[in-house]
Amino acid sequence: MDPKAAVLVNAVPPYGHILCSEKWRTSSLIQRLRYEGVKIFFEEELGVADFHLPNKMCLLYVSECDIIAGNGYKRKLVCYRNARRSFQELVLVERTRLSEQYFSDVQKFVVFDLGLFMLPISGQTEASQLITEIVLEDSPG
């Protein structure tokens, strides 16, 4: 890993800001975060995490598509758990009508097998509300 990448993997954004994986740039989640006043820095070198928050928390987002597509998300989760020792790790998992039948298996894997914290969300709108609340709640003043 080059030195720049190592720094970014452990980077903590300033209050009121998030570091976000480049793959989210055009998503409705990002549009909503901007609307709510969260400042966003995009980066390609965040490692496995999708978002870094100012309170030394990083988030991984497991979408409905990831869950329905099969067990590929498990490898990503294991890498996420192994890579984030200095951050509080949180996994956001979409729990929808389509992913409902797989949800308990995902929950068992994330919480019991990997020992990660997990929050079920209904989609990107709810995820943006949660991220906004965390980021703006921790902002000074």
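Tutor: Accessible areas here come from the Shrake-Rupley method with a 1.4 Å probe, and for residues only the protein chains shown count as cover. This is a predicted model, in which local features need pLDDT of at least 70 and side-chain atom pairs count only at pLDDT 80 or more, while totals for chains, interfaces and linings use all residues. Residues are numbered from 1 along each chain as its sequence is written, and side-chain values use heavy atoms, with hydrogens and water left out.

Student: How much area does the protein expose?

Tutor: The protein exposes about 7,600 Å², and carbon and sulfur atoms supply 52% of that area.

Student: And how many helices and strands are there?

Tutor: There are 6 helices and 6 strands. Both are DSSP runs numbered from the N terminus: helices are H or I with at least four residues, strands are E with at least two.

Student: Which residues of the largest nonpolar core touch the most other members?

Tutor: They are Ile18, Leu29, Ile30, Phe51, Leu53 and Ile131, out of 21 residues. Such a core is a set of buried (under 20% relative accessible area, 1.4 Å probe, protein chains only) Ala, Val, Leu, Ile, Met, Phe, Trp, Tyr and Cys residues joined through side-chain atoms within 4.5 Å.

Student: Which element gives the largest share of this core?

Tutor: Helix H6 does, with 4 residues.

Student: What is Leu53 in contact with?

Tutor: Leaving aside neighbours within four places in sequence, Leu53 is in contact (heavy atoms within 4.5 Å) with Val12, Pro13, Ile18, Leu59, Ile131, Ile134 and Val135.

Conventions:
Buried means under 20% relative accessible area, exposed over 50%, partly exposed in between (1.4 Å probe, protein chains only).
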